[in-house]
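Work through the exercises below with the sequence and the model side by side. Try each task before reading the solution that follows it.

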Amino acid sequence: MDSKLSFISTKLFEAKISKKLTFADIGNQLGRNEVWVAAVFYGQAKPEESDLKKLSELLDIPEKYLLTDFNDETYFPSRGRLFDLPPSDPLLYRFYEILQVYGYPLKSVINEKFGDGIMSAIDFTTNVEKTGENQERVKITFEGKFLPFKKW
């Protein structure tokens, strides 16, 4: 992963830390999912103007900074450039490993249930929860639509 964050990402993280907020806290205030909030902070999602106004108020960041960076017509969320493969971070490595080991089996199950030719997944929500008897397990749920290749 590129270790340098953008100016606005740095400001968002600084405000989050100084206000002792979690991604879930911010998400609850925005009416958004915590994973989506984290994606915004890392520059991997683009917030809407209404989100920027709420973020400005919640984090005490002047709205002009948020509008300048996120509302610029040249701003595009960064997708797929999180890290060099394989990643050196142990948690990201495990996710990478899971995709390497189970990627094709998952794709096979999806294709079996929905048909071959699934090209993309959209409209996703992701939730992260503690589970288990002693809350020592983690449950990650992805839910969304799978779209087929366009037929010509």
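**Exercise 1. Determine whether Tyr-96 and Tyr-93 are buried or partly exposed, and describe how their rings are arranged.**

Solution. Begin with Tyr-96, whose relative accessibility of 18% makes it buried, because buried means under 20% relative accessible area, exposed means over 50%, and partly exposed is in between (1.4 Å probe, protein chains only). Tyr-93, by contrast, has a relative accessible area of 28% and is therefore partly exposed. The model is a predicted one, in which local features need pLDDT of at least 70 and side-chain atom pairs count only at pLDDT 80 or more, whereas totals for chains, interfaces and linings use all residues. Residues are numbered from 1 along each chain as its sequence is written, and side-chain values use heavy atoms, with hydrogens and water left out.

Next, place the two residues along the chain: they are three residues apart in helix α6, so about one helical turn separates them. Helices (H or I, at least four residues) and strands (E, at least two) are DSSP runs, numbered from the N terminus. Finally, consider the rings, which form a tilted aromatic pair with 6.0 Å from centre to centre and 50° between the planes. Rings of Phe, Tyr and Trp (its six-membered ring) pair if their centres lie within 6.5 Å, and planes under 30 degrees apart count as stacked, over 60 as edge-to-face and the rest as tilted.

**Exercise 2. Explain why the pair of Phe-13 and Phe-41 is classed as it is, and which parts of the chain the pair ties together.**

Solution. A search of the whole structure finds eight aromatic pairs. In the pair of Phe-13 and Phe-41, the ring centres are 5.2 Å apart and the planes stand at 80°, so the pair is edge-to-face. Phe-13 belongs to helix α1 and Phe-41 to helix α3, so the pair ties together parts that are 28 residues apart in sequence. Both Phe-13 and Phe-41 are buried, and ring pairs link these two with Phe-23 and Tyr-42 into a cluster.

**Exercise 3. Identify which residues have the most contacts inside the largest nonpolar core, and which helix gives the most to this core.**

Solution. A nonpolar core is a set of buried Ala, Val, Leu, Ile, Met, Phe, Trp, Tyr and Cys residues joined through side-chain atoms within 4.5 Å. The largest such core has 20 residues, and those with the most contacts inside it are Leu-12, Ile-26, Phe-41, Leu-55, Leu-59, Leu-66 and Phe-70. Each of α1, α2, α3, α4 and α5 supplies at least two residues of this core, and α3 gives the most, with five residues.

To follow one of these residues outward, take Phe-70: not counting residues up to four places away in sequence, Phe-70 touches Ile-8, Leu-12, Val-40, Ala-45, Lys-46, Pro-47, Leu-52 and Tyr-75, where contact means heavy atoms within 4.5 Å.

**Exercise 4. Work out where the buried residues of α4 lie around its axis, and what covers them.**

Solution. In helix α4, which runs over residues 49-59, the buried residues are Asp-51, Leu-52, Leu-55, Ser-56 and Leu-59. They cover an arc of only 135° around the axis, which puts them on the same side of α4; the arc is that of the directions from the helix axis to the C-beta atoms. What covers these residues includes α1, α2 (23-30), α3 (34-41) and α5 (63-70).

Then look just past the helix, where Asp-60 takes a positive phi of about 55°. Pro-62 is in the loop between α4 and α5, and its relative accessible area of 39% makes this proline partly exposed.

**Exercise 5. Locate the residues that carry the UniProt annotation "active site", and explain why they do not all gather at one spot.**

Solution. The annotation, which comes from an unreviewed UniProt entry, covers Arg-94, Glu-97 and Ser-120. UniProt positions are given in the numbering used here, feature names are shortened, and annotations may be inferred rather than shown by experiment. The annotated residues span 27 residues in sequence, and the farthest two C-alpha atoms are 22.8 Å apart, so they do not all gather at one spot.

Arg-94 lies in helix α6 (residues 90-114) and is partly exposed at 46% relative accessibility. Ser-120 lies in strand β1 (residues 118-131) and is partly exposed at 22% relative accessibility. Leaving aside neighbours within four places in sequence, Ser-120 is in contact with Lys-145, Phe-146 and Leu-147.
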